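Student: I'd like a close look at one part of this protein, the packing inside it. Could you walk me through that and then link it to what sits around it?

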Amino acid sequence: MGGNMSGSIIYVVSDSVGETAELVTKAAASQFAGTSFTIKRIPYVEDKQNVDEIISLAKLNGAMIAFTLVRPEIREYMKAQAAEENIPAFDIIGPLMSMLQDRAKSSPLNEPGMVRKLDDQYFKRIEAIEFAVKYDDGRDPRGILRADIVLVGVSRTSKTPLSQYLALKRFKVANVPLVPEVEPPEELFLVRPEKCFGLKISPEKLNNIRKERLKSLGLNDHAIYANMERINEELKYFDNVVARLKCPIIDVTNKAVEETANTIINIIQNRH
């Protein structure tokens with residue numbers, strides 16, 4: 001390899017979520033144009049065994065380590081092991097904590113995740129947004145069982161923007177597209193019906209949305225996707241599935257995403 005640093009891996013290690021460590025590392029790495037650093041976040045590193053695994057991983061891949069570990073014994077262990085294996089490791093938070101300790105005349109709490117406790121709502125929101133992205137468009141049916149809300153509808157019923165909007169309100173949302181040729185995931189029939197919401201739309205409105213969508217993609221708007229016969233077939237299939245689910249149905253034909261979201265939130269909150 002010689003002096004070529006392109007493609008260096010940096011393991012960003014934290015005893016919490018690792019957001020702080022990742023932001024600092026990315027900010028530093030962004031100053032080096034032409035060198036591609038691959039940043040891999042390893043959260044919740046809480047014991048020496050975790051540290052050992054990271055050290056051997058870094059050694060194997062010739063990687064560097066940047067870490068925020070607030071427990072002194074784990075922090076010292078990381079430093080010692082990295083030094084022994086000649087792995088460049090940078091302690092992001094330790095020196096700052098030492099400086100603050102001198103000034104504060106008191107010992108730090110040494111509790112990982114204190115920042116999170118301060119802003120639990122913010123993290124719940126981030127978690128919900130990540131959830132919405134991960135379980136968007138039926139990508140992984142396991143999300144259906146873990147979600148607070150499951151949206152069910154044919155293509156172009158604004159399931160994705162609705163998921164994101166609800167995520168900002170800290171709800172974990174999975175959405176499931178219904179296509180006549182594909183049997184819905186079995187998980188859909190295992191969740192409580194009140195968690196699911198069917199998004200109903202008029203055939204004319206759906207046809208217009210899909211035609212616009214095809215145009216925006218530079219495609220012919222006479223495609224089967226925007227064909228009324230096909231749309232009626234899809235909507236009939238949707239009706240059958242939601243009837244099996246026995247879930248609430250919301251007509252989104254002339255509703256803005258915010259309106260639909262608020263309708264869902266009201267339904268959920270009025271149950272309690």
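Tutor: Sure, and keep in mind that this is a predicted model. Let's start at Leu166. Leaving out residues up to four places away in sequence, Leu166 touches Ile149, Phe171, Val173, Ala261, Ile264 and Ile265. Leu166 belongs to the largest nonpolar core, a set of 37 residues. Within that core, the residues that touch the most other members are Leu166 itself, along with Ile149, Val150, Leu151, Leu188 and Ile264. So which elements build it? At least two core residues come from each of β5 (149-153), α8 (159-168), β6 (173-177), β7 (196-200), α10 (228-245) and α11 (257-271). The top contributor is α10, which puts in seven residues. There's also a second core, separate from this one, with 18 residues, including Tyr11, Ile54, Ile55 and Ile87.

While we're on the inside of the protein, look at the cysteines. The structure has zero disulfides. Cys196 is in no disulfide, and its nearest cysteine sulfur, that of Cys247, is 5.5 Å away. Why doesn't that pair count as bonded? A disulfide is a covalent bond between the sulfur atoms of two cysteines. The cut-off used here is sulfur atoms within 2.5 Å, and from the Cys247 side the closest cysteine sulfur, in Cys196, is 5.5 Å off, so it is too far for a bond. Are these two buried or exposed? Cys196 counts as buried because its relative accessibility is 1%, and Cys247 is buried too, at 9%.

Next, the pocket that shares some of these elements. The second largest pocket has a volume of about 410 Å³. Its lining has 25 residues, and the ones closest to its centre are Ser155, Arg156, Thr157, Ser158 and Lys159. Two or more lining residues come from each of α8, α9 (203-216), α10 and α11. You've met three of those names already: α8, α10 and α11 each supply at least two residues of the largest core as well. By class, the pocket lining breaks down into ten nonpolar, six polar and nine charged residues.

Now hop over to another part of the chain, to Thr25 in helix α1 (residues 19-29). Thr25 counts as buried because its relative accessibility is 7%. What does it touch, apart from neighbours within four places in sequence? Its contacts are Ile10, Val12, Ile39, Ala66 and Ile92. To get a feel for the distances here, take Thr25 and Pro203: they are 178 residues apart along the chain, and their C-alpha atoms are separated by 50 Å.

Last stop, two loop residues with unusual backbone angles. Most residues other than glycine have a negative phi. Tyr44, though, has a phi near 55°, a positive value in a residue that isn't glycine. You'll find Tyr44 in the loop between β2 (37-42) and α2 (48-61). Asp137 is not a glycine either, yet its phi is positive, about 55°. Asp137 lies in the loop between α6 (120-134) and α7 (142-146). Where do these two stand on accessibility? Tyr44 is at 41% relative accessibility and so counts as partly exposed, and Asp137, at 44%, counts as partly exposed too.

How values were computed: Residues are numbered from 1 along each chain as its sequence is written. This is a predicted model: local features need pLDDT of at least 70, side-chain atom pairs count only at pLDDT 80 or more; totals for chains, interfaces and linings use all residues. Side-chain values use heavy atoms; hydrogens and water are left out. A nonpolar core is a set of buried Ala, Val, Leu, Ile, Met, Phe, Trp, Tyr and Cys residues joined through side-chain atoms within 4.5 Å. Buried means under 20% relative accessible area, exposed over 50%, partly exposed in between (1.4 Å probe, protein chains only). Helices (H or I, at least four residues) and strands (E, at least two) are DSSP runs, numbered from the N terminus. Contact means heavy atoms within 4.5 Å. On a 1 Å grid over the protein atoms alone, a cavity is a set of points where a 1.4 Å probe fits but cannot get out, and a pocket is an open set with protein on both sides within 12 Å along at least five of seven lines; lining residues have an atom within 4 Å of a point. Grid points are joined across faces, edges and corners, and a volume is the space filled by probe spheres set on the points. Ala, Val, Leu, Ile, Met, Phe, Trp, Tyr, Cys and Pro count as nonpolar, Asp, Glu, Lys and Arg as charged, and the others, Gly among them, as polar.
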